Amino acid sequence: MSSAWLSDLTAWLSANPGWLSLALFSTAFIESLAIAGILVPGVAFLFTISVMAAQIDMPLMTVLAWAWLGAVSGDTVSFAIGRLFQGRLASVWPLSRYPEHIRKAEIFFHLHGGKSVIIGRFVGPLRPIIPLVAGALLMPWRRFLAFNIGSAIGWAPAYILPGYLVGGALASELQPPAHVYLVTGISLATLAAIYLVIFRFQLGLGDNSRLYLWLQRKMAQYETTHRFWRLYSNERPAKESEFPLASLMLAFGAFALFILWSQLATMTDVIKPFDQLAMLWFSELRQPLLDAPAIAATLLGDPPVLIAAALLACLALAFRGHYAAAVHIFSAAILTIFLVWGLKHAIGSVRPDQVMNPPSSGAFPSGHTTGITVLVTMLASFIAAETHTRKRWQTYILFSLPLIPVAISRLYLGVHWFSDIVGGLLLGLAITGATRASFSRFDRVPISLDVFSVSAALAWLSFCGGYIWLMWSEAIHHYAPAL
């Protein structure tokens, strides 16, 4: 009896999808509305509605669009209310019942400025209060709308996709491949071990480490090496004489590993058995439910998307007067394109035969993995450079996460071997390390976040959304499984 009403409700929603769209919009609206978002368990409601949307086969993009529109509208109304009651928030009912929330939101806004609208979107209790406070403190309308619209683009997938995937799994009775938990557990443990080793190694090369100080003394003993050390040392007052040892070691170490790995992958059969095993595992995992997020992830690694990110970053930096940074980012993009194209054609590694229309270029190294690695690690390096040395690892971990779904999507869709992914990762790290090491001698002033940087980021996110929308049908056909 308990499941009968759910079946009836699902059937009714299938016949009346407009009501589910209204429910999505209304829930996202209330979740983002001042004070109401605190009282209503919007996250739980959004999860439930997303499950239902997947079960009645509502298109994912439609679900995301309604949730995005509701979130933008809720924050906009909250901002307007803040403008209306500026200076009187703590005395107007029902706002007067939550003075502590308003006080914390005001402190948060004064601390982070316009960025608080983006950060607050993902922070539970502050989510419905930040737009209210932003309006009360007279944040400009145009600036607020830019932050509001852009942050909702990232908010909608984060809150909708989990429920939608669960609903799709329930509807399709998804069966995972054999040993899925064992393979997943070992993969995650290995990834965690690699992260810990890499970042602990990088921390050990800081300007206060024993190795750094020992090498500094050795380099000072000879005029040639001392001149080289001084040439690439940072001239910024806060980082005076800081030599980019970690970046240089990353460049040399990753490039050396890339050469070794490329020889093992393309000239011997040592890695081939594992390549075949990994490809078999992903082919068994292939399900219509997982195709959509995999295709979306792989489209984010397409050359137009990555080139657009590089060009927008160069324009934003050049407009602010950071010409050296813009030149180095542009050079990293050109170097990535040239190396990937040249290596693919020179090596000519054969791709797997898992899709109907595999790319015509060689498989090794993975261009998508190389490109996304350079993008996220370059971004992480510029942000980490403005933080304390001991906290930089947090930035690298956070901003390196997007490369994981892009890399995995290439394996899942069957267009790359495991060795291609590792090769692309190592090549990307080598390019980033060399670029950051070269930039260190031009790093004279801090690069802070401002409206131009945020505008460039929002423009890129909009480009990503439009690109995925335009290329979706073609990508589904392109990555269709081979029969």
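A disulfide is a pair of cysteine sulfur atoms within 2.5 Å. With that cut-off, a search of the whole structure turns up 0 disulfides. Keep that in mind when we pass two cysteines later on.

**Before you start clicking**

This is a predicted model, in which local features need pLDDT of at least 70 and side-chain atom pairs count only at pLDDT 80 or more, while totals for chains, interfaces and linings use all residues. Residues are numbered from 1 along each chain as its sequence is written, and side-chain values use heavy atoms, with hydrogens and water left out.

**Stop 1: the whole chain**

Show the chain as a cartoon. You are looking at 22 helices and 0 strands; helices (H or I, at least four residues) and strands (E, at least two) are DSSP runs, numbered from the N terminus. Switch on the surface next: the accessible area is about 24,800 Å², and carbon and sulfur atoms account for 71% of it. Such areas come from the Shrake-Rupley method with a 1.4 Å probe, and for residues only the protein chains shown count as cover.

Of the 483 residues, 43% are buried. Buried means under 20% relative accessible area, exposed over 50%, and partly exposed in between (1.4 Å probe, protein chains only). For contacts (heavy atoms within 4.5 Å), take the pairs at least 6 apart in sequence: 79% of them join residues at least 24 apart.

**Stop 2: the largest core**

Select Leu20, Leu24, Leu46, Met58, Val63, Trp155 and Ile160, which have the most contacts inside the largest nonpolar core, a set of 22 residues. A nonpolar core is a set of buried Ala, Val, Leu, Ile, Met, Phe, Trp, Tyr and Cys residues joined through side-chain atoms within 4.5 Å. Now colour α2 (17-32), α4 (42-55), α5 (60-84) and α9 (141-172), each of which supplies at least two residues of this core.

Which residues does leucine 24 contact, leaving aside its neighbours within four places in sequence? They are Leu46, Ile49, Met58, Val63, Trp66 and Ile160.

A second, separate core has 20 residues, including Ile271, Cys314, Ala332 and Phe364. We will meet some of these names again.

**Stop 3: alanine 136**

Move to helix α8 (residues 130-136), where alanine 136 sits. Is alanine 136 buried or exposed? Its relative accessible area is 12%, so alanine 136 is buried. Add glycine 82 to the selection: 54 residues separate the pair along the chain, yet their C-alpha atoms are 4.2 Å apart.

**Stop 4: helix α14**

Select residues 272-285. The 14 residues of α14 should span 20 Å at 1.5 Å a residue, and its end C-alpha atoms are indeed 20 Å apart. The expected span is 1.5 Å times one less than the number of residues.

Show the side chains of Asp275, Ala278, Met279, Trp281, Phe282 and Leu285, which are buried. They cover an arc of only 160° around the axis, so they lie on the same side of α14; the arc is that of the directions from the helix axis to the C-beta atoms. On the face turned away from that buried side you will find the exposed residues Pro273 and Leu277.

Zoom in on phenylalanine 282, buried at 12% relative accessibility. Not counting residues up to four places away in sequence, phenylalanine 282 touches Ile408, Leu411 and Tyr412. The C-alpha atom of leucine 413, 131 residues away along the chain, is 8.0 Å from that of phenylalanine 282.

**Stop 5: helix α16 and its surroundings**

Select residues 303-319. The buried residues of α16 are Val305, Leu306, Ala308, Ala309, Ala310, Cys314, Ala316 and Leu317, and they pack against α15 (288-299), α17, α18 and α22 (451-478). Here is one of our cysteines: cysteine 314 has 11% relative accessibility and so counts as buried. Cysteine 464 is buried too, at 5%.

Just after α16, look at glycine 321, whose phi is positive at about 95°.

**Last stop: a cis peptide bond**

Select phenylalanine 364 and proline 365, joined by a cis peptide bond with omega of about -10°. Most residues other than glycine have a negative phi, and most peptide bonds are trans. Proline 365 lies in the loop between α17 (323-347) and α18 (367-384), and Phe364 belongs to the second core from Stop 2.
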